[in-house]
Amino acid sequence: MSIIPTLKIAGKNVGRVGYGLMQLTWADQPPSQEVSFAAMKAAVDAGANCWSSATIYGPDNANVRLIAAFLKKYPEYKEKVVLVIKGCHDQGAWLPKGGDIDFVRRELKELKEILGDKKIDVYLPARLDPNASVEKVFQNMVTLQKEGHFTAIGAGEINAESLERAAKVAPISLVENELSLFTQDEPIRKVLDWSTKNQIPYFAYSPLGHGFLAGRWKSIEDLPENSRLKSFPWFQGEAFENNVKLVERLDVIAKKKGVTTSQLALAWITQLSPYTLPIPASTKPDRVRANTESVNIKFTPEELDEINTFVANNKAVGDRYPKHLLPFLVSPSTIQGIECWLLTATTADAMNEPNRCLF
Ligand SMILES: NC(=O)c1ccc[n+]([C@@H]2O[C@H](COP(=O)([O-])OP(=O)(O)OC[C@H]3O[C@@H](n4cnc5c(N)ncnc54)[C@H](OP(=O)(O)O)[C@@H]3O)[C@@H](O)[C@H]2O)c1
């Protein structure tokens, strides 16, 4: 029995806080396997048994291989972990490929070889395929689900209009979109409303604003020299200074409540609706536990009002991704043809370094 509140994903009970594995294999300085395993174990033991992974997190399915190695070492965790994997992405061309069923089927067969008898619980296109309609992508998902490659279908980085279209052709079991005190724009709000109305879990990614809301970055020097985050608008010049000040003001609200700012940020997400489920990342077991336990923090109506008023009046400065990646975000399926190819070429150029990311 989980020690934190749960909801159901792909027919299984999962803790209301999940765990993001991206930085375990795709980071400026990825941790050792030993360090990763300790954090992964801490997550499940604390109740964060729903894991967010992707084919793209490191070369040659490194993140999924890490999970397979973990489950080999700790077979008793196989039944406990609920695996959500993003894919449908051609890493060589750096292109979403959900419209190409043969490509996706090959990808799923590779994942099966890595994971053995651990079945993927939820599989989703990480980004919409700019060369295919939403309907085509999700019809492919239905076909592949029927072939038995995974239990349930998810959607990710998608807006409410595209979600409506996807849901007409496929049963959507969760939506993985960004959501945090720093990301409150209208398309995100609409997806939150869609999730609440349809009672579909909202897997909230980067819930700590890539560490900003956890107080990790006070000065730009705190970021490792080659950090990919330095290309993100939040982390540049005056925007960075402004965003640090916002976190300092949130620190005051958190202190008054007797919690950390990370916990405030995560608890706030879990109280936005009964279907939100943040997926914070951390390489440190004690932080994983503290993050997971944040779901037990309850705000009074006055406290919630104070946080919501703060959020409404204080926007993080800067877009949430570099400019050339914005067209892939909660975007409709209308980026077609030549425009897409230009976009992709730019993206691929920017992605030559393995640490530069689209996710
Ligand atoms: N679908 C998508 O496109 C997409 C995109 C981005 C991310 N994601 C998913 O979302 C997950 C989380 O997002 P994210 O990695 O961008 O960032 P995040 O969870 O918003 O923040 C993670 C950062 O916060 C630090 N941190 C975590 N808890 C802390 C605490 N209690 N105190 C102080 N620092 C703390 C971590 O450092 P330490 O390791 O040092 O604790 C790490 O640097 C990813 O792992 C991935 O699964 C999905």
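In this predicted model, helix 4, which spans residues 101-115, packs against helix 5, residues 134-146, at an angle of about 40°, and the two axes sit 10 Å apart. That angle makes helix 4 oblique to helix 5. As for handedness, helix 4 and helix 5 cross in the right-handed sense. On the helix 4 side, the residues that meet helix 5 are Ile101, Val104, Arg105 and Leu108, and their counterparts in helix 5 are Asn140, Thr143 and Leu144. Sorted by class, the residues of this contact between helix 4 and helix 5 come out as 4 nonpolar, 2 polar and 1 charged.

Helix 5 also has a second partner to look at, helix 6. Helix 6 covers residues 160-169, and its axis comes within 9 Å of that of helix 5, with a crossing of roughly 40°. Helix 5 is therefore oblique to helix 6. Here too the crossing, that of helix 5 and helix 6, is right-handed. Helix 5 brings Val134, Glu135, Phe138, Gln139 and Val142 to this contact, while helix 6 brings Ser162, Arg165, Ala166 and Val169. The tally for the contact of helix 5 with helix 6 is 5 nonpolar, 2 polar and 2 charged residues.

Earlier in the chain comes another pair, helix 2 (residues 33-46) and helix 3 (residues 62-73). Their axes lie 11 Å apart and the packing angle is about 70°. Angles of 65 to 115 degrees count as roughly perpendicular, so helix 2 and helix 3 are roughly perpendicular to each other. Gln33, Ser36, Phe37 and Met40 form the helix 2 side of the contact, and Leu66, Ala69, Phe70 and Lys73 form the helix 3 side. In terms of class, helix 2 and helix 3 meet through 5 nonpolar, 2 polar and 1 charged residues.

Now for the ligand. A shell of 30 residues surrounds the ligand, and the closest of them are Gly20, Met22, Leu208, Gly211 and Ala214. Two elements give two or more residues to this shell: helix 1, residues 22-25, and helix 10, residues 285-293. Of the elements, helix 10 gives the most, with 3 residues. The mix of classes around the ligand is 12 nonpolar, 12 polar and 6 charged residues.

Finally, there is the domain record. An unreviewed UniProt entry annotates residues 17-309 as "domain: NADP-dependent oxidoreductase". In the model, that span is 44% helix and 15% strand. The C-alpha atoms at the two ends of residues 17-309 lie 24 Å apart.

Technical notes: Residues are numbered from 1 along each chain as its sequence is written. This is a predicted model: local features need pLDDT of at least 70, side-chain atom pairs count only at pLDDT 80 or more; totals for chains, interfaces and linings use all residues. Axes are lines fitted to C-alpha atoms, for helices over the stretch in contact, and angles run from 0 to 180 degrees between N-to-C directions. Helices (H or I, at least four residues) and strands (E, at least two) are DSSP runs, numbered from the N terminus. Angles under 35 degrees count as roughly parallel, over 145 as roughly antiparallel, 65 to 115 as roughly perpendicular and the rest as oblique. A crossing is left-handed if the near helix is turned anticlockwise from the far one by less than a right angle, and right-handed if clockwise. Two residues are in contact if their C-beta atoms, placed from the backbone, lie within 7 Å. Ala, Val, Leu, Ile, Met, Phe, Trp, Tyr, Cys and Pro count as nonpolar, Asp, Glu, Lys and Arg as charged, and the others, Gly among them, as polar. A residue is near a molecule or strand if its C-beta atom, placed from the backbone, lies within 6 Å of it. UniProt positions are given in the numbering used here, feature names are shortened, and annotations may be inferred rather than shown by experiment.
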